[in-house]
Amino acid sequence: MDRKRIVRALYTFEQETENCLNFEAGQLFHVIHEAEKWLYCEADGLQGWIPRCYVENTENLSDWQNDEYFSQYATIGLHHEMLRDIPRNTAFQKGIDYASARSIRGKVVMDVGCGSGLLSMMAAKAGASQVYAIEASDFFKCAEQIVSANGLNSQIEIIHGHIEDEFLLDKIGEVDCIISEWMGTMLIFEYMIDSVITARERFLCKGGLMLPSFGKLYLAPVTAQRCGFDMSTLIQQSKTTKFSRPIHDWEMDTSSQLSAEQDIFSADLHTVCKQDLEHIEKTLMFDIQSPGICHGFGSWFNVEFWEGRDACDFPIILSTGPSSERTHWKQTLLMLDDPISLDEKTIMSVHVVLQRNRIHRRHMHILMNITYKNIKLETVREC
């Protein structure tokens, strides 16, 4: 299969034609075979014919996806949401202050994806001699104005570019600490962590510190709240629309949790590699503590800020869990197609796979194989 050629749908195509794929505008396909008016393609595990006139070649898919991603961060709305997130900002402030004596004061710091410049200014106030604030979106102009308004131009240099850009190698030497707020839904969604790993590999000195330093993703079976009325007529429509993807802005109540959470995976930012994130797989055994109807799984993450590369015993923790103060990440809900009735003091096995999308590189497939008594279910979600 030729995986080098990728095409993008210009229009929506919906026809009940044998061996043809239906799709929406914007869908990407790997081309396998070509005919005069048709292309035989693969997308999201499905193969079939699509009309050639409905698609265009995508010569530089990576650039196209990145342009779409960074354009979101050029708007004030997303930055306003992050600046309003008190638990997030407080944890970063405490984490930077905690590491100041060992890794920041009098040292060189890099902020990857600086946005408004908030974290760069925290580092400058903590005593950094130089902060390189890298921002790929057009919001860098606002960051320059904010830094200037706070009188920190002598310590902070805003650089418009991608961390992968070659010109940065000539401009920046080794840094002592890398700061970045890279976390997305289910910790790694959008895969900004790729850029953070690149920054570490290119610029972090031996023994240098990453902030945050460590991350862990959790999963727990949950029951969804009910309104007291029969809404079963909406089930089928919900399965194909609302619940076909993870619900990113779910506000989970701790009382809905049917078992203690378990971690899907964890990552030390000083050692994790990009390849580690391509395919994550783990089997979880949930000891059901409360009987009830399992409608799906709640997910959240924690990150840790260490005092130093070798000083991780008493970290500052930012938690996005349901028992912590609410953050802009909230929690994520992965709904099952069909609920499961769970009994107390029983075990439910869940085999979880997080597979990075081969085409849409900032997205991932979530596969869960669930075994409970004589019930076996498989759930696939696109994040």
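## Helix H5 and the sheet beneath

The buried residues of H5 pack against H4, E7 and E8. This is a predicted model, and H5 makes a handy way into it.

Which residues of H5 are buried? They include Phe140, Ala143 and Val147. These three cover an arc of only 50° around the axis, so they sit on the same side of H5. That fits the usual helix arithmetic: an α-helix has 3.6 residues a turn, so residues three or four places apart point the same way. Flip to the other side of H5 and you find Gln145 and Ala149 exposed. After the helix comes Gly151, with a positive phi near 65°.

Now for the sheet itself. Five strands make up an open sheet, ordered E8-E7-E6-E9-E10, with parallel pairing. Strand E8 (156–160) and strand E10 (204–211) are the edge strands; each has a single partner strand, so one side of each lacks a neighbour in the sheet. On average, neighbouring strands are turned by 20° against each other, direction ignored.

At the E10 end, E9 (residues 175–179) and E10 run parallel and are joined by four bridges. One pairing to look up is Ile179, whose bridge partner in E10 is Leu211.

Two helices that pack on this sheet are set out here:

| Helix | Strands touched | Direction angle |
|---|---|---|
| H4 (residues 118–125) | E6 (108–112), E7 (130–135), E8 and E9 | about 175° with E7 |
| H5 (residues 140–149) | E7 and E8 | about 170° with E8 |

So E7 and E8 are touched by H4 and by H5, and E7 and E8 also take contacts from the buried residues of H5.

Notes. Residues are numbered from 1 along each chain as its sequence is written. This is a predicted model: local features need pLDDT of at least 70, side-chain atom pairs count only at pLDDT 80 or more; totals for chains, interfaces and linings use all residues. Side-chain values use heavy atoms; hydrogens and water are left out. Two strands pair if DSSP finds at least two bridges between them. Axes are lines fitted to C-alpha atoms, for helices over the stretch in contact, and angles run from 0 to 180 degrees between N-to-C directions. Contact means heavy atoms within 4.5 Å. Buried means under 20% relative accessible area, exposed over 50%, partly exposed in between (1.4 Å probe, protein chains only). The arc is that of the directions from the helix axis to the C-beta atoms.
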